[in-house]
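Student: Hi, could you walk me through this one? I'd like to start with the charged side chains and then move on to other topics.

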Amino acid sequence: MKAIFDTVSYSCSKIVTNSYSTSFSLASKMLSDTIRQDTYNIYGFVRFADEIVDSFHDYDKEMLLNDFEAEMYKAIENKISLNPILNSFQKTVHQYNIEPELYEAFIRSMRLDLHKTQYLTDQEYKEYIYGSADVVGLMCLKVFVSGDEKKYNELKESAMHLGSGFQKVNFLRDLKADYDGLNRTYFPNTDLNKLDEASKLRIIKEIEEDFEKGLKGILKLPPEAKFGVYTAFIYYKKLLKKLKKTPSLEIRNTRIRVPNYQKFSLLAKSYFDYRLNLI
């Protein structure tokens, strides 16, 4: 039965989410069960593409990404795929009318990671972040507002700022892995070999501005999504606070983390904020 295959596909997307991201998995569990699976479906899709360009060093990454993209289009056109991750994703694409421009922009940014190692201008930097992060937030927003185009357009800018802020925190946290392991640097006009406090604080100020604008959108989300997205926001805000307190040289040479016990403490905080109508 097709229903059994779909159930297996959805389980695969959930397993990918739980296996690759403790924080995203935790935040997703705080979403209403009416939209949680579709969030897993989106995450599974973006995670697989990201793994191709970041992890599969012993294989032909470009060929794998080309194949993945071609299979994505076939899945969406045929409304089925034997790749369970793409089968799950196409279901969400159709159910919430996710525009091709969003997932196509994501694939473009992933393709840049195959060869591009430096982002020298603000324009290049913003275009990469749009494709790698903003559109992921927009795809999720389609789900969060249940396809309500008016609400989507109202919250679109805030969702993009939130996606940008999250991605920039990831860039700052993963400086060592990106630069030493993948020979990539995303921040323009920043010498990572000589990362100083002024450069670090400039980046953090930019993220704080994104977070301020992103929070305004979170406050307007439907109840089904608000608690989960706010949980993710609280986690990234905590991570940013730790990065702000960490000397720039240490950020360059190690990966800053939020321990699991602190993540659960943040979850409790977000729950009380939500229950007391503080968000």
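Tutor: Happy to. A salt bridge here is a side-chain nitrogen of Lys or Arg within 4 Å of a carboxyl oxygen of Asp or Glu. With that in hand, Arg 47, Asp 50 and Glu 51 are linked in a network of salt bridges. Keep in mind that this is a predicted model.

Student: Got it. How many salt bridges does the structure hold?

Tutor: There are 18 salt bridges in the structure. In general, side chains of opposite charge can pair when their charged atoms come close.

Student: Which side chain does Asp 113 meet in a salt bridge?

Tutor: Asp 113 pairs with the side chain of Arg 184, at 3.7 Å from N to O. This pair ties together distant parts of the chain, with the two positions 71 residues apart: Asp 113 belongs to helix 6, and Arg 184 to the loop between helix 9 (175–182) and helix 10.

Student: Is Asp 113 buried or exposed?

Tutor: Asp 113 is buried, because its relative accessibility is 6% and the cut-off for buried is under 20%. Arg 184 counts as buried too, at 4%.

Student: And where are Lys 168 and Asp 210, the two that meet in a salt bridge?

Tutor: Lys 168 is in helix 8 and Asp 210 is in helix 10, so this is another link between distant parts of the chain, 42 residues apart. Their salt bridge is 2.7 Å, N to O. Lys 168 counts as buried at 8% relative accessibility, and Asp 210 is buried with a relative accessible area of 6%.

Student: What about Lys 142, what does its side chain meet?

Tutor: The side chain of Lys 142 forms a salt bridge with Glu 149, again 2.7 Å from N to O. Lys 142 counts as buried, with just 1% relative accessibility, whereas Glu 149 is partly exposed at 33%.

Student: Switching to the surface: which residues gather in a patch of negative charge?

Tutor: That patch is made by Asp 60, Glu 62, Asp 67 and Glu 71. Glu 71 is part of helix 4, which covers residues 61–78.

Student: How accessible is Glu 71, as a relative area?

Tutor: Glu 71 has a relative accessible area of 35% and is therefore partly exposed, as that class runs between the 20% and 50% cut-offs.

Student: Now the inside. How many residues does the largest nonpolar core have?

Tutor: The largest nonpolar core has 73 residues, and Phe 45, Phe 89, Tyr 103, Phe 106 and Met 139 have the most contacts inside it. Several helices each supply at least two residues, including helix 3 (36–55), helix 5 (84–95), helix 8 (149–173) and helix 11 (223–245).

Student: Which helix gives the most to this core?

Tutor: Helix 7 does, with 12 residues.

Student: Last topic, the backbone. Which residues other than glycine have a positive phi?

Tutor: Two to look at are Lys 79, with phi near 60°, and Ser 146, with phi of about 55°. They catch the eye because most residues other than glycine have a negative phi.

Student: Where do they lie?

Tutor: Lys 79 lies in the loop between helix 4 and helix 5. Ser 146 is in the loop between helix 7 and helix 8.

Student: Is Ser 146 buried or exposed?

Tutor: Ser 146 is exposed, because its relative accessible area is 54% and the cut-off for exposed is over 50%.

Definitions and conventions: Residues are numbered from 1 along each chain as its sequence is written. This is a predicted model: local features need pLDDT of at least 70, side-chain atom pairs count only at pLDDT 80 or more; totals for chains, interfaces and linings use all residues. Side-chain values use heavy atoms; hydrogens and water are left out. Patches are made of residues with over 30% relative accessible area and no salt bridge: like charges are joined within 9 Å, nonpolar side chains (Val, Leu, Ile, Met, Phe, Trp, Tyr) within 5 Å. Accessible areas come from the Shrake-Rupley method with a 1.4 Å probe; for residues, only the protein chains shown count as cover. Lys and Arg count as positive and Asp and Glu as negative; His and the chain ends are not counted. The place of a charge is taken as NZ of Lys, CZ of Arg, CG of Asp or CD of Glu. Helices (H or I, at least four residues) and strands (E, at least two) are DSSP runs, numbered from the N terminus. Buried means under 20% relative accessible area, exposed over 50%, partly exposed in between (1.4 Å probe, protein chains only). A nonpolar core is a set of buried Ala, Val, Leu, Ile, Met, Phe, Trp, Tyr and Cys residues joined through side-chain atoms within 4.5 Å.
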